[in-house]
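User: I am new to this structure and would like a close look at a single part of it. Please take one helix, show how its residues are placed, and then set it in its surroundings.

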Amino acid sequence: MATVKPKSKVAAVLEQPKAGRALGMWISAALSLVCAVITLPFLSWIKLVRISELLQSLRIDIADIRLFSSYSYFMYLWDFVTASKAGILGFPAFILIVLAVAAFIMNLIFISIVLINKVGKRGHLQFYLYGKVAAILSMLAGLYCVWYCFGWANAKTYPGSFAPTVIVYILIVLALVFYIVQKILEAEERKIYHEHGLLVEIKRNWVLFIFLIPCFVYFMINNYLPMSGIYFAFVRFNFKDGLFFSPFVKMDNFRFLIKADLWGLTYKTILYNVVFIGLGNVLQIFFAILVSQCGVKWFKKTSQTLIFMPHFVSFVIVKIFVFALLEYQTGMITNMVLNATGNRPDFYNKASYWPFIIVLVNIWKGVGYGMVVYLATIMGISDEYYEAAKIDGANIYQQIQYITLPLLKPTFVILLIYAIGGIMRGQFELFYQLVGSNAVLYPTTDILDTYIYRITVSQPTSMAYGTAAGLYQSVFGLAIVLITNAIIKKADESLALF
Amino acid sequence: MKATKIKKGVSGVSFDIIKYGLLTLLAIVCFLPFLVMVSGSFSDNATVVLTGYGVLPKNFSTTAYKFIFRNPSAIIQAYKMTIYYTVVGTLVGLLTTVLTAYVISRSTFKYRNVVSFLIYFTTIFGGGMIPWYLMYTNILPLKGTTFIIWFPAILSSFNIILMRTFIKGSVPDAIIESAKIDGAGEFTILSRIVWPVLTPGLATVGLFLALGYWNDWYRSSLFSTKTDTYELQFYLYNLVSAAEALKNLVSSGTSLSVTIDVPSQTVKMAMAVVVTGPILLVYPFVQRYFVSGITIGAVKG
């Protein structure tokens, strides 16, 4: 060893296969734990230095505000920024919370990974990814806090009135050490498994990275950057300050939504989706089995073509179809009922009809698509099962019950998980086109999506409410996906999404 | 879908009746509105107002179509715009989808799973409609442009995964590796080896995209500021929901002395036919691509 190269002591210890790396891991975990504790929303991160000048510059009276000399990153936004009504301080403070919470979560994940210590095919290599991300996020949270105080808050209010506490600097240093330890460990272990890092990968596959640029740009603009807009859910919008710098109002918007029947809207959204998923899938499976049993080829083809057709028209056309069937004067069904009973049913003025109409239309539009999905699975079932069953004397119903249906289960579960992921998102186009602005029908047909669209389009100042409702939808939806996935994973690992 | 799975003879006649009967019924239900639409467009407006739409044309007349095509500039403009959105969006979408899918299909690419997850994650969590809307209108001042109508729909998680499956199915890893050994760059592999055998995948994803563009009205309703950039479906939507639109159509006609009654009911149907026509015409020919796309998408999850 001594003849090769002079090495630092740390590196020499860490290079030892077992003891060194294990020690390094425990050091990292300890550092990670300290970082996690610091990123808890309780320790003070931001201190106020020149309080009286600061209050003067914000034009607030000292009697109006409950003051502390220092705040945790969370209480700073929640308490101080809210009370100061200085919207300009809000959005960057919110980003600070996001960073700190992300760092906290990643540190927790890293610690639990180390504790469980499930070594895979490539040793600890996947550990380091989490470790590095945790370290970088912790460091970023600290550095961002420093920038926030000196670069933003001081510039926008009274100079020199904000400063990060010493804890923030400790966090930055510890995270840096954490990162370096992870890097050293990783470099050693990479040699063992002949792995390489991001820079080598970029050098080797730079063309592939260039191929990914459009994808990156698109998802950044379309999905990831707008995620920061969830901040708007917590502001009271006014035109003077604009959306980003309107005053922070904590949960006020959610309180407004709850008063405006948030639970009722949620209930309707979920109930409609449950009926769509349940009834829709049952019918799709049922008709897929029927089609698969058809011996006459032209009949099979024609019926499939016709059943699949509604999938191809837009919801504007669907609106026209429903109108042509149900309109008070000219609707075909209206007139048929009139001829049969002597009464003209007024569909567009009676809310109680619409749950049935909407469910029927949704099934009508989706049955062909779902049928194709299930038909594909049925076609993939080996003939041998059926031959064997026939020899054993099973009739057609028994064959369906004991062979087809059980083998359709995986497809059903996959579709179910996907559908459940969107259970909080209603079929906006369907509801909006069929109901439109016909307020008579809202009691039974208003769902979260139509509500958000309506309040936002009709009144720009309610954008904050709309964002709050959208955030509620997203968080609730994500929770449902995670729970469903966990349940399914427990029942059958191979069916879980992730 | 060659032969039936279960040979006849085992099942009773009752099952035959049930299956053919129910399937016929469903097919009729699915097709009926289309029939009503076409019949309605060829009906006489006054008769429709009096007795309602029917399965067959009532008092056959082509007034509605004559009325539409008397002053077709608006609808031709909407048609042009929609064709533009569909063509540009589909081409750009296909290209970006193939590029992305190619990268995450490469088993030698270290970060394929990270990229796949980041793409998938967008389907289970998002900032909601309003931050998305503000991104395009406030942060990027794109409101009213044509770019914004097609751009938000070029990529989708589903299409990327679908295309990846197509690529993996049609080009084995070994071929790509041997091409690399022979000195082919990634671009050469993609354009010379993968692209030529990807026709079914391109057709399927391209048709998914094109159908989405043709049927979209939502982005126009949010972002269009001028009527001459409207998508066709949104133009139709406006026409249907606002009675004023019809009056405008009359007053912008040749003379102000037009006193004829606007055949509003049948015009609506005729417009629907004009808007849906292209889809229904190509549908029988492209149906199999949709079926194969959905099938592959379903099998892979």
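Analyst: What follows looks at one helix of chain B and then turns to the core and a small sheet.

This is a predicted model, and the helix chosen here is helix 10 of chain B, which spans residues 186-194. Within this helix, Glu186(B), Ile189(B), Leu190(B) and Val194(B) are buried. Seen down the axis of helix 10 of chain B, these buried residues fall within an arc of 95°, so they line one face of the helix. An α-helix has 3.6 residues a turn, so residues three or four places apart point the same way. On the other side of helix 10 of chain B, the exposed residues are Phe187(B), Ser191(B) and Arg192(B). The cover over the buried residues includes helix 9 (206-211) of chain A, together with helix 4 (73-105), helix 8 (157-170) and helix 9 (173-181) of chain B.

Turning to the wider setting, the largest nonpolar core has 204 residues, and those with the most contacts inside it are Cys145(A), Ala324(A) and Leu236(B). Helix 5 of chain A, residues 90-116, gives the most to this core, with 13 residues. Among the residues that Cys145(A) touches are Ile46(A), Leu96(A) and Pro164(A).

Ile46(A) also leads to a sheet, since its bridge partner in strand 2 of chain A is Tyr71(A). Strand 1 of chain A, residues 46-48, pairs with strand 2 of chain A in the antiparallel sense over two bridges. The open sheet has three strands in the order 2-1-3, with strand 2 (70-71) and strand 3 (162-164) of chain A at its edges.

Technical notes. Residues numbered from 1 in each chain as written. Chains lettered and ligands numbered in written order. Predicted model: local features only at pLDDT ≥ 70, side-chain atom pairs only at ≥ 80, totals over all residues. Core = buried A, V, L, I, M, F, W, Y, C linked by C-beta atoms within 7 Å. Buried ≥ 20, exposed ≤ 12 C-beta atoms within 10 Å, placed from the backbone. Helix = DSSP H or I, 4+ residues; strand = E, 2+ residues; numbered from the N terminus. Contact = placed C-beta atoms within 7 Å. Arc of directions from axis to C-beta. Pairing = 2+ DSSP bridges.
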